[in-house]
Every structure is written in structure tokens, then in C-alpha cells.
Amino acid sequence: MACVSCHPAFYTRCSTNEKGQEKNKQKLNCVKINGTKSFSPSKVDLLNQNSGFAITSVDAEANVYITKDQFRQNIPTKKQLVDPFRQGVITDEGVGYRQTVVIRSYEVGPDKTATIESILNLLQETALNHVWMSGLLGDGFGATHGMMRNNLIWVVSRMQVQVDHYPIWGEVMEIDTWVGASGKNGMRRDWLLRSQATGLVFARATSTWVMMNQQTRRLSKMPDEVRAEISPWFIEKQAIKEESPEKIDKLDDKARYVNSDLKPNRSDLDMNHHVNNVKYVRWMLEAIPDEFLENHQLSNIILEYRRECGSSDVVQSLCEPQQVELIKAGIQQNNYNCLNGYSFSSGILEGNGLLESLNQWPFSYTHLLQIKGKSKNEEIVRGKTTWNKKLIDTPFPP
């Protein structure tokens, strides 16, 4: 880990022995990384993951050689219980993970609440940090040592996020995450996001992951050595209980809203060289009319991933609103309550009529991202989003 500032001296952090010997001091004139002169004396912090650290001060008269590996933080090879830099700790009798995060200014939208994209990024970050602290992380994007030896990577096949409340700018949250078995060859990962101060649950999420061969790009069975690595970390609990996962219908070219000719940017690619799943969600939501987005807030999203998207693919986003079907849902004649428990009575009794009452009904959209091909289109991901009417109150005064 390194940082550079305009300080007249050069500092390196290194370990001291148990007898408390004096810190070594050496004068330096410049810093060479992998044999190349980089900069004149500045401030650099080097963290050795396996040993402690102390501070050594040096002045500007000599040269020093620092390898590229020394200039970066090493991936832990043993289980870590506390990570002070990421504000993370191991929980649930040594197999779960909790990280404290603060909602940053660049993670919120115009209403000063965290965006769904920011929440998805936090889910991904805490999942990877969990693997980091486990000591199982290889050199890949969350891949274990056994997965690296078998040339395997993780790919998400399904994800669901339920948002009860959106955290505001500056909110301090605790994010818990854990893993469990999903069938014979999959893994489930769940999250719980809540306020550190009050314990209020902001959101819940669950996901299913499978393995893919990095070279052939085909799904793979879980090798026994990988199962032996990750199965001790499995927990039998769920953030979102699903007896039978909801099936998402496939849309066609007759969908009401269509965005075509979407192309990934280089910045949209992750370490596995395919488009990050957060970008998929952004493409989906951009197909929804702005007028609707300004007055509604996402409360639930389900994603079913079909294939990966590369940097050269041209993507089309399809979106179809799901209207409230009163005939199917039914209205009880005596109290105007819908069978699902949503009430029309207040809007009607106040003289606003049935249409005003329907505005309070959760609204949903069905989504499809597909790659446009010459002969046929290929599905990337199916999705379903559910929305609630935005509250009038704002978290901060204007």
C-alpha cells in the first residue's frame, strides 16, 4: 500500500524485532521501483501483511530500490479476524463478515439517498473483502487458490435485492455477508444492510454463484478441492427466503420501451474482462421513462443472468410495464381492499377516486438485456423491478 505527498522526507514502514531495537535509519536520494527512478523523496507507506510495522525516517542523500511487490499490499494467506483499513471483522463464529461503511457524496443521487448502483457496488465490495479476510483469495476476482489451479472464476446466475429504506448521505451502515450451499455445484451469498446507530434494516440481498472456466467460458462443476476450501464457511441462514424463485418472462421486440445500440465502455469491464453486473442494472433503468423515475423508488429487483457481455458487444435494453390487473387481483366490495393487502379505501374516501389510489400501488417492470446479432439475439440478463411511490419528505431541507 503506498501514498505520495509533498513531505521533505521519505518514510518506510517496516517491522521491529521483539526486543524493541532502534528503528533503522538510512538516508535516501530517490526511490526506484523495479529498478526505475520514480520520484524524489516523498512519503510512502509500505504494509507487510505478515509482519507488523514501524516507521523509519530517511533524508535525501542515498538511493533505495523497492520492488513492485513491496510497493503493494500482499493478499493474506491466512485467515484474518480484523481488518482496520476496511473496517471489517469476522463474525458468526468465525465464518461471517461485517463491514462498517459510510455513504459517500458520490454514492447518492439528487434526493441525497444512495442509488441502487451504489448499493450493488457495496454488496460486491463486501463480498470480495470477505474472501480477502478468509485467506482463500488467489490472484483472481474472488477466486480461491483451488479455483486458480483449475482456471475457474465465479459468475453470478441470479440476484435479488430488497430495499426497505435508502440510506442517506453520511449514513453509517453495517453490512453483514455470508455464504451457503446452493445445490451441488453452486454457492449462495446473502447480505443484510442496516444502520449502525439504530439497527434499522435498509436492505436485504441474496445471490447464487456458479463456476465458469476462464478459457472456454463454459460453466463447470465444482472441483472437490474447491468444495473443501469453501464449505467450512457455509452458514444455513437466508436474508431473503424463497421457496420457489419467481420466473421472469422473456420480452420480445414488441416491448413498450426499447434502447438500442448500447455499447460498453472500457471502464465498464471488471477483472474478469466482462461487463460488470452493475452496468446491466444501469442499462435496465435507463429504459424506464424519466417521469416515472422522478416519482418512484425501486423497492425490489430480481436479475437472472444468461450470459456474459464483452467489450465489443452491442446491447439492446427492453422494458415492459406490468399494469395492475384488478380483475386478477380482485377488490372486496365491502372494504375496497385488494387481496394482496393493499388498500384503495383512503384515496377513494378522500374523493380522489380509484386512479389516485392506484398510484400508491407498487408498480413493476419486466426487463431484458440482449446482444444484437446478425442472425439472432442472445440474452444477457432478464430482470424484474418493483417500485413504490416516492415519499414527499426529503432527508435534508432544501
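In this predicted model, N213 belongs to strand β12, which covers residues 201-213. Leaving aside neighbours within four places in sequence, N213 is in contact with N150, N151, L152, R218 and S220. One of these partners, N151, is 62 residues away in sequence, yet the two C-alpha atoms are 5.9 Å apart in space.

Aromatic side chains offer a second point of interest, with six aromatic pairs in the structure. Among them is the pair of Y280 and W283, which is tilted, with 6.4 Å from centre to centre and 35° between the planes. Both residues sit in helix α4 (residues 277-286), where three residues, about one turn of the helix, separate them. Y280 is buried at a relative accessible area of 3%, and W283 is likewise buried at 3%. Another pair joins F292 and W387: the ring centres are 5.6 Å apart and the planes meet at 80°, so this pair is edge-to-face. Because F292 lies in helix α5 (residues 290-295) and W387 in strand β18 (residues 378-389), the pair ties together parts that are 95 residues apart in sequence. F292 and W387 are both buried, and together with F363 and Y365 they form one aromatic cluster.

At the surface, L81, V82 and V89 make a nonpolar patch of about 260 Å². Within this patch, V82 is found in strand β6 (residues 82-83) and is exposed, at 54% relative accessibility.

Finally, the cysteines deserve a look. C309 is buried at 0% relative accessibility, and C319 is also buried, with a relative accessible area of 0%. A search of the whole structure finds zero disulfides.

Notes:
Residues numbered from 1 in each chain as written. Predicted model: local features only at pLDDT ≥ 70, side-chain atom pairs only at ≥ 80, totals over all residues. Heavy atoms only, no water. Disulfide = S-S within 2.5 Å. Buried < 20%, exposed > 50% of the residue type's maximum accessible area, 1.4 Å probe, protein only. Helix = DSSP H or I, 4+ residues; strand = E, 2+ residues; numbered from the N terminus. Contact = heavy atoms within 4.5 Å. Patch = residues over 30% accessible without salt bridge, like charges linked within 9 Å, V, L, I, M, F, W, Y side chains within 5 Å. Areas by Shrake-Rupley, 256 points an atom, 1.4 Å probe, with all protein chains shown as cover. Salt bridge = Lys/Arg side-chain N within 4 Å of Asp/Glu carboxyl O. Phe/Tyr/Trp six-rings, centres within 6.5 Å; stacked < 30°, edge-to-face > 60°.
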